[in-house]
Number of protein chains: 4
Amino acid sequence: MGKKINVVVWNEGRHEKTSDEVRRAYPNGIHGAIAEGLGKQADMAMKTATLDDPEHGLTEAVLDNTDVLIWWGHMAHHEVRDEIVERVRDRILRGMGLIVLHSGHMSKIFLRMMGTSGRLKWREAGEKERLWNIEPGHPITEGIGEHFELPHTEMYGEPFGIPTPDKVIFISWFPGGEVFRSGCTWERDLGRIFYFRPGHETFPIYYDGNVLKVLTNAVRWAAPRLVVPSLDCPNVEPLEPLPARG
Amino acid sequence: MGKKINVVVWNEGRHEKTSDEVRRAYPNGIHGAIAEGLGKQADMAMKTATLDDPEHGLTEAVLDNTDVLIWWGHMAHHEVRDEIVERVRDRILRGMGLIVLHSGHMSKIFLRMMGTSGRLKWREAGEKERLWNIEPGHPITEGIGEHFELPHTEMYGEPFGIPTPDKVIFISWFPGGEVFRSGCTWERDLGRIFYFRPGHETFPIYYDGNVLKVLTNAVRWAAPRLVVPSLDCPNVEPLEPLPARG
Amino acid sequence: MGKKINVVVWNEGRHEKTSDEVRRAYPNGIHGAIAEGLGKQADMAMKTATLDDPEHGLTEAVLDNTDVLIWWGHMAHHEVRDEIVERVRDRILRGMGLIVLHSGHMSKIFLRMMGTSGRLKWREAGEKERLWNIEPGHPITEGIGEHFELPHTEMYGEPFGIPTPDKVIFISWFPGGEVFRSGCTWERDLGRIFYFRPGHETFPIYYDGNVLKVLTNAVRWAAPRLVVPSLDCPNVEPLEPLPARG
Amino acid sequence: MGKKINVVVWNEGRHEKTSDEVRRAYPNGIHGAIAEGLGKQADMAMKTATLDDPEHGLTEAVLDNTDVLIWWGHMAHHEVRDEIVERVRDRILRGMGLIVLHSGHMSKIFLRMMGTSGRLKWREAGEKERLWNIEPGHPITEGIGEHFELPHTEMYGEPFGIPTPDKVIFISWFPGGEVFRSGCTWERDLGRIFYFRPGHETFPIYYDGNVLKVLTNAVRWAAPRLVVPSLDCPNVEPLEPLPARG
């Protein structure tokens, strides 16, 4: 049997400490729910890390052994230390996959990789979301039908402040009248990045079968083909004889 | 006659202070040469700014009146203060154009907008560069033929650590055996970005007619269509009546 | 005052001949309504052509003097002669702009330029359409707000069988639960192509101010920067001395 | 052991019939050489087909059992029957992979999928080609170093008449002074397409280890994730209750 994909689910983990409602929705934390959901796959080795762990749980040793990092944050983006963001960024550029969830659109690491504002419209009205699968042949939509629904979600609406994605995988429809590019891919040097909109701290999104299927597919898609020890700017000798300078 | 495009040419300006050779090549500084070259166009109002100016010459007042910023830096990227980088980034996202030159591939502002490493290979052998125009219908190549040459340049070689460009405009050929994506475009929120490879502190690249033509075209292409005061994440009311929640 | 943009509005023109309802909506034909709407702009010189004209109104002489071709067809795509399609395609590749409207997603010329199926879902229920402007800084959305609405339209739904667009300009929301990439751009050699979803033979879409504004912007965006007489595969001499072969 | 990938190598096969030199280079035909080279992989089931076979060897039955089609043609593009081109296109859109080699840039099927001219510059001087790997983390470059060389090739030079690729994988350097986007990917509906420049009827390109490695990787990349029986435009019922029309 093949090598497992080492996945770290990172969660800010603050909502769980302050809200009974969140604890009821996610007794083991959002990270716990995702790790449990994906951990049922034979090819995934799951770990978790949170903001309040030493070095936010993202030590050099942890990252050196991480193939794909899943990121959930919301209320404490600004507490993530810049040096850890740079460490994660460095690791992505050298090959690690990154999956950013929901309110992670304003996380330091997502904005750092994108260069854009991450802006969007939002509304917490518990309305339905229908995600249209517009890339039915993409590895991330394997086993997903033409669309799937989540009964109660926070709405996110366009315009979404992201660079033109390599591929827009999902577009969401909301009954309040908005649309959103809910699944998007990019590459940054050797790292693959997937943003996936669904998620919330009280709606039980991360137990949903389709959501877990998309995340499972996305982890396999984002797993590195190549990891390099560094990305340098070498001074190189010519490969062909240069003409003598006049 | 129409409104002029307000262009600021930013130069690190350190080579000029330390090297007689650079001073001979660019008696008014690299920024001075570019400002002079572009300033011959009736639709351009040129200013310059350098690292050693107060706030690097990029005060709020200056940026509020800048349509396109041209960036040249090399030896002192790390001395550019992070708060100024964030100020420039904010202005780009809200509509200002950015043109990054040559060794600016490792500048804080370029890496901040791209999210990638900026890595490349390099060699200072004064070899020839031939730039192939692979987007002959693009506004940036107006008046440029199928290729043009620069007699003595520093070589940059692939792989170049950039996100997949919206458009690759030029690919360079070097006699030593390398190739390079020498002109590339991206967008970040409302800002348009062009990277242009040619340039060096001692080779007189910025007096070349084709180089100035490309920069002139690029300024016109990058000039904002729309500038907004801020990019927020508003909480919005539904546009359609929402069904009552069960 | 500058050179005008020569625009030809092509309409299949069959609905107008067979349906009183269509004649009431478009007494001068869909082509007439669009030509009249755009013709109010000082920089546009409008002509029209229809399927039943000799050579479908697209003679060599007409195309040689066309900067941008607007295409509307629906029930008689198959009657467009292949040789005329090839003539139009050749002209696009050499620089002419193409704007394809609504049911033109299944026209020979659109499928010929895209290479894809053009498939989509549809429903004629006269429902509302809300078009979200997701590229607010693009020339095609100049003067268009964050969204605009059309009170009664035919619905088109994803998945839409198109190549990944260079830019998705509009995403539509429909009350029946679908979404659609309603404004998309591509380039094919020197030609710029814009697909714009709104339109119908009985709903008076082409009198709408926002629709006409988008079409006006799109014509200016698609107008050629460069037109060449042919696109050949020349046998060329080396630009550098080749080493002698062993 | 998993399901094999069914690969058909299509070769025009005319050079082999008319030229001793070609027969010496490819005693079993270009198709034979490629089928032999790839057939050493345990996951590939190889077949071949040629222009002079009934229905060019591409019957419905053959295509129904093909995962990836490799295409080589040169002197007889115009003899490929349009109905077979449409059959191949239909199959690509429904999921089959397509790999187009070298002079296939002017084949009917490639131009049909791209919509562009396919134009390029060329020279038969037996010069060296160096292919730079600019997507080192892409599945198609697995096991390929930063660059590889072919000692004697026909030169192809930019500008290349193709749509902006999803990814440019290789850029070639030629000693005569040209560059070329030698490996490019696109998607068309459910089908993945890879163009790979190297190849010639007398230079023994398709025995080269790096070339075979790239083709092996490309077959695995292009193999379908999803194949559908048809791509229709269904008339659909609303998913949400529509408001009554006034």
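Here are legends for three close-up views of this predicted model. Residues are numbered from 1 along each chain as its sequence is written, with chains lettered from A in the order they are written. Since the model is predicted, local features need pLDDT of at least 70, side-chain atom pairs count only at pLDDT 80 or more, and totals for chains, interfaces and linings use all residues.

**View 1. Chains A and D around their axis.** Turn chain A by 180 degrees, with a shift of 0.0 Å along the axis, and it can be laid on chain D with an RMSD of 0.0 Å (a least-squares fit on C-alpha atoms of residues with pLDDT of at least 70 in both copies). That's how a two-fold axis relates things. In chain A, the C-alpha nearest the axis belongs to Asp166(A), 3.6 Å away from it.

**View 2. Helix H5 of chain C** (helices are DSSP runs of H or I, at least four residues, and strands are runs of E, at least two, numbered from the N terminus). Its buried residues (20 or more other C-beta atoms, placed from the backbone, within 10 Å of their own;) are Val88(C), Arg89(C), Arg91(C), Ile92(C) and Leu93(C). After H5(C) comes Gly95(C), with a positive phi near 135 degrees.

**View 3. The open sheet of chain D.** Nine strands line up as E2-E1-E3-E4-E9-E8-E7-E5-E6, with mixed pairing (two strands pair if DSSP finds at least two bridges between them). At the edges sit E2 (44-50) and E6 (147-157) of chain D, each pairing on one side only. Look for E8 and E9 of chain D, antiparallel over 6 bridges; Cys184(D) stands opposite Tyr195(D) in E9(D).

Note on methods:
Buried ≥ 20, exposed ≤ 12 C-beta atoms within 10 Å, placed from the backbone.
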